[in-house]
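Subject: The structure we talked about

Hello,

Here is the structure I promised to pass on to you. Have a look at it first, and then read on for what turned up.

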Amino acid sequence: MGLQIIKPDTKIDFIGFKAKAFVISAVLILLGLGSLVMNGGPKYGIDFAGGIVVQVKFDKEVGVKTVKGALKEAKLPGLVVQSFGHADDNEILLRTSSSEISSSEVRDKISSGLESGLKGTGFEIQRLEMVGPKVGADLRTKAIEALYFAVLLIAIYISGRFEKRWFAAAIMAGGLFGGITLLQMIGMSTTVLIFGALFITIGLCWYLKLNYALGAIVALIHDIMITVGIFSLLGKEFDLTIIAALLTIIGYSLNDTIIVFDRIRENLLGKISDSLAETINISINQTLSRTILTSGTTLLVVAALFALGGGVIHDFALALLIGVGVGTYSSIFVASPILLGFGPSKIEDDMEEAEAA
Amino acid sequence: MNGSLRWKIVLTLLVVVFGVAYLLPSLPAVQNSGMAHFLPDDKISLGLDLKGGIHLTLGVDMDKAMDNNLSRMGDDLKAVAREEGIIVLKPKVLKGERVEAILLKQDQQEKLEKLVKENFGNLTILSTAVKPDGKVTYVFAPTPEYKKYLTKLTMDQAIKTIRNRIDQFGVAEPDIRKQQGNRIQVQLPGMQDPERAIKIIGKTAHLEFKLVDEAADLEKAQKGIVAPGREVTVIMHRLPDGSYIEKPIVLKKDAMLTGEYITDAQTRFDQFNQPYVTLNFNSRGARIFERVTGENIKKRMAIVLDGKVYSAPTIQDKIAGGRASITGSYTTEEAHDLAIVLRAGSLPAPVKILEQRTVGPSLGQESIDKGVAAAVVGSALVLVFMLVYYGFAGFVADIVLVLNVVLILAGLAAFGATLTLPGIAGIILTIGMAVDANVIIFERIREELRRGLTAKAAIIEGYSRATLTILDANITTVIAAVILYQFGTGPVRGFAVTLTLGILTSMFTAIFVTRILFDLYTSKRAADAPLNI
């Protein structure tokens, strides 16, 4: 027999911890929301806001200030200079707004500015990205749509799969679609739409007593809000790769939640305890080994990506690092207590119905 | 060994052979060896972020295309009406996709309306207004079907023209495709000079030959005062340092000849080794050119490209044979690029650069190196961990983990998917998550063993109970990946593809292949022998 981190007879009272967990989650979410409000919304990268980004590699160390000084003459609108990646890579990232200036002009101005301002230092423009404001806005809408459809499809899948209630799932999908269409018709902004979609989804899950879906969705919204909040607190920018990371976090968080839920369902069918709270606790304990091992290996490789993957992938890896950590926590401390919160009788009835069906 | 196990082994070996065969051509060491002849041609294609190159999103100015088209339809209407004896003043394009034409005589209204109905089915009459002097103002608008048709036609033509230009420019494996919202996406791997690429792709290349109005007063013209039928534009003078200065020039508005009759354009050098561009017209163009030059000897003819005059030579004699040349003291490169755009034809409407991403090849190589380093370190950590934690079973998991990575890379090559930087991240993430299915199964087997089952029974029970859980858990990740693919662009799509591929291969290896290894292991041992897990 190999090693064991979690002893087979471990009985941690996870459900008893739910009040404290609730406080921790609430504080993290409020901190993130507070930071978003203070900053006037997420800080968009050029993918969403439009603009020009230029990555320059120097052949020796140069300070941000030196580069800033060298480019003073160029008078680029809204120029931001920051160091990029590892310190020994000698890379600098330059940003400027694009509406009034073309990308080739920016390239010329930066080249000539650096040539005259930093004599004797070789440099190479490694990457230049320009996104027009219209394309940026389109990408933003698309990204929000992607998150919305992900939540919707997953809610339907869980309700159908776990509770054999495809019909209720279909009602929820219809209700959500109708609600969003209505909000769109009265010309609501995309931010309102996201929150609208979330509230409608949660409300419908509640009303239709789709408890598994409710637990899973609240957990994944929890994970996204915390990841976005921490990103905002750290002053990181949101771009397309961060959306990819968020969707991956959705997938991962659900993966984790579903494995716990699967065991709860199995144990409910096996009637291993009369109390739902007890059943949930036993189920979490039984799957705890797996939860820790998988999260551990995933965090290992994501940490390797974070440390060694290079500047371009750095924030993406950071989002995954936060998301995988929070996702593991939420499947134990958020999803399961919510499942408990909706009464054992209903779930057991459903299970019998499902069995009979 | 029973029959079903044998078949499973055969199937797995086939998959392994397929995986290795499709992976090998992507390795540089194999590419240069004689082995390459026996392997598939498919290689993992690297995205622009790894290979270096230019990614452009172009927006086609559909309003302009519609205006151009309406203006042409207006001219046609005037011409056709005249053949029928109906006099229509020169039609004017109004804002909001409308064209206005004035009918001189009110009593011809019926005739004109009949003519429009019969010959101009694409136009509908929006309004008619009779003026006190008996003139009738007509406002026409294109039908919705025609608008749709024109949009499609314009896009197709723009893509064709851009493709022609890029092909002549000589970029390997360019990717040009239509996108929503009248956009065109252009990817040029390996191309490192974005300015030149943009100049070539973005040039409308609308070539016109117009007569110069020598009598016009330039000072007045600069203030915008010109006689009817004349227009002010600029003539480009190239200075010795390579820059241009623009001087005003007045032209007769109607073009004598346009670039649509060009069959070929070439760069040549004169006796001073100055490059110039020669043009060949088709037979119709040649006839027009011969007539126009014959009628205008000793007058200056301006060669207008995209509204700017590049040269305005004096016509010495009637030019027959359909050949002309554009001199304008260009650099060789400029002359070459001008010949390309003229040969490839003009864009049906101006295009605007909406998005541009340029990645240098050194950054790409650096990204690959760092990605590979992260993957190697990450996988090594996972491999060691699994071996220490699960013993023999960990060894089994390690084997399939390696197989998993081989299959992902082979899958990318076989399906012609593009590996991007986020794609590498997707593979690395999959390595971490791939052991999940194994962990679920192994933990189950451990539970069953603790309940007192024999190794064989515990394996059977563990696999059967874990399989559904694994499917459930992975389907949700696949849903997220499919949505990413649907909504994402470029690199994000690459991530979605590798993630999906990774989930599929990891389910195959973790559920199917490990089971074979376990069955092989236990089949040779006594039924009550303990299992190292």
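Before the surface figures, one term: accessible areas here come from the Shrake-Rupley method with a 1.4 Å probe. Please also keep in mind that this is a predicted model.

**Chain A as a whole**

By that method, chain A exposes about 15,000 Å², and carbon and sulfur atoms supply 64% of this area. Chain A has 357 residues, and 56% of them are buried. Its secondary structure consists of 12 helices and four strands. If you draw a box along the principal axes, the C-alpha atoms of chain A fill roughly 80 × 60 × 30 Å. Among the contacts in chain A with a separation of 6 or more, 77% are between residues 24 or more positions apart.

**A nonpolar patch**

Which residues make the nonpolar surface patch of about 640 Å²? They are F22(A), V23(A), I24(A), V27(A), L28(A), L31(A) and L233(A). Helix α1 of chain A, residues 18-38, gives the largest share of the patch, with six residues. L28(A) is a good one to click on: this leucine lies in helix α1 of chain A and is partly exposed, at a relative accessible area of 33%. Patch residues need over 30% relative accessible area, so the 33% of L28(A) meets that cut-off.

**A sheet built from both chains**

Strands of a sheet pair through backbone hydrogen bonds, and they can do this in a parallel or an antiparallel way. Here you will find an open sheet of eight strands with antiparallel pairing, in the order β2(A)-β3(A)-β1(A)-β4(A)-β18(B)-β2(B)-β8(B)-β7(B). Which strands stand at the edges? They are β2 (80-84) of chain A and β7 (175-179) of chain B; each has a single partner strand, so one side of each is left without a neighbour in the sheet. From one strand to the next, the twist averages 20°.

To see one pairing up close, look at strand β1 (residues 51-58) and strand β3 (residues 91-96) of chain A, which pair in the antiparallel sense over six bridges. Within this pairing, Q55(A) has L93(A) in β3(A) as its bridge partner.

**Two lysines with positive phi, and a glycine**

Most residues other than glycine have a negative phi. Against that background, two lysines are worth a look. K209(A) has a positive phi, near 55°. K209(A) sits in the loop between α7 (190-207) and α8 (211-233) of chain A, and at 36% relative accessibility this lysine is partly exposed. K271(A) also has a positive phi, of about 45°. Its place is the loop between α9 (240-269) and α10 (276-308) of chain A, and K271(A) is exposed, with a relative accessible area of 53%.

Is G341(A) buried or exposed? G341(A) is exposed, at a relative accessible area of 57%. This glycine belongs to helix α11 (residues 311-341) of chain A. Its C-alpha atom is separated by 9.9 Å from that of L276(A), although the two residues are 65 residues apart along the chain.

**Salt bridges**

How many salt bridges are there over all chains? The count comes to 39. Here are some to explore:

- In chain A, the side chains of E129(A) and R127(A) meet at 3.1 Å, N to O. E129(A) is buried at 12% relative accessibility, and R127(A) is buried at 10%.
- In chain B, E333(B) and R196(B) form a salt bridge at 3.5 Å, N to O. This pair links distant parts of the chain, 137 residues apart: E333(B) is in helix α10 (residues 332-344) and R196(B) in helix α7 (residues 194-202). E333(B) is partly exposed at 43%, whereas R196(B) is buried at 19%.
- Also in chain B, D213(B) and R230(B) meet at 2.6 Å, N to O. D213(B) lies in the loop between β9 (207-211) and α8 (218-222), and R230(B) in strand β10 (residues 230-238), so the pair ties together parts that are 17 residues apart in sequence. D213(B) is buried, at 14%, and R230(B) is partly exposed, at 24%.

Finally, a network of salt bridges links E266(A), R444(B), E448(B), R451(B), E461(B) and R465(B).

Enjoy exploring!

Best wishes

Terms used:
Residues are numbered from 1 along each chain as its sequence is written. Chains are lettered from A and ligands numbered from 1 in the order in which they are written. This is a predicted model: local features need pLDDT of at least 70, side-chain atom pairs count only at pLDDT 80 or more; totals for chains, interfaces and linings use all residues. Side-chain values use heavy atoms; hydrogens and water are left out. Patches are made of residues with over 30% relative accessible area and no salt bridge: like charges are joined within 9 Å, nonpolar side chains (Val, Leu, Ile, Met, Phe, Trp, Tyr) within 5 Å. A salt bridge is a side-chain nitrogen of Lys or Arg within 4 Å of a carboxyl oxygen of Asp or Glu. Buried means under 20% relative accessible area, exposed over 50%, partly exposed in between (1.4 Å probe, protein chains only). Two strands pair if DSSP finds at least two bridges between them. Axes are lines fitted to C-alpha atoms, for helices over the stretch in contact, and angles run from 0 to 180 degrees between N-to-C directions. Contact means heavy atoms within 4.5 Å.
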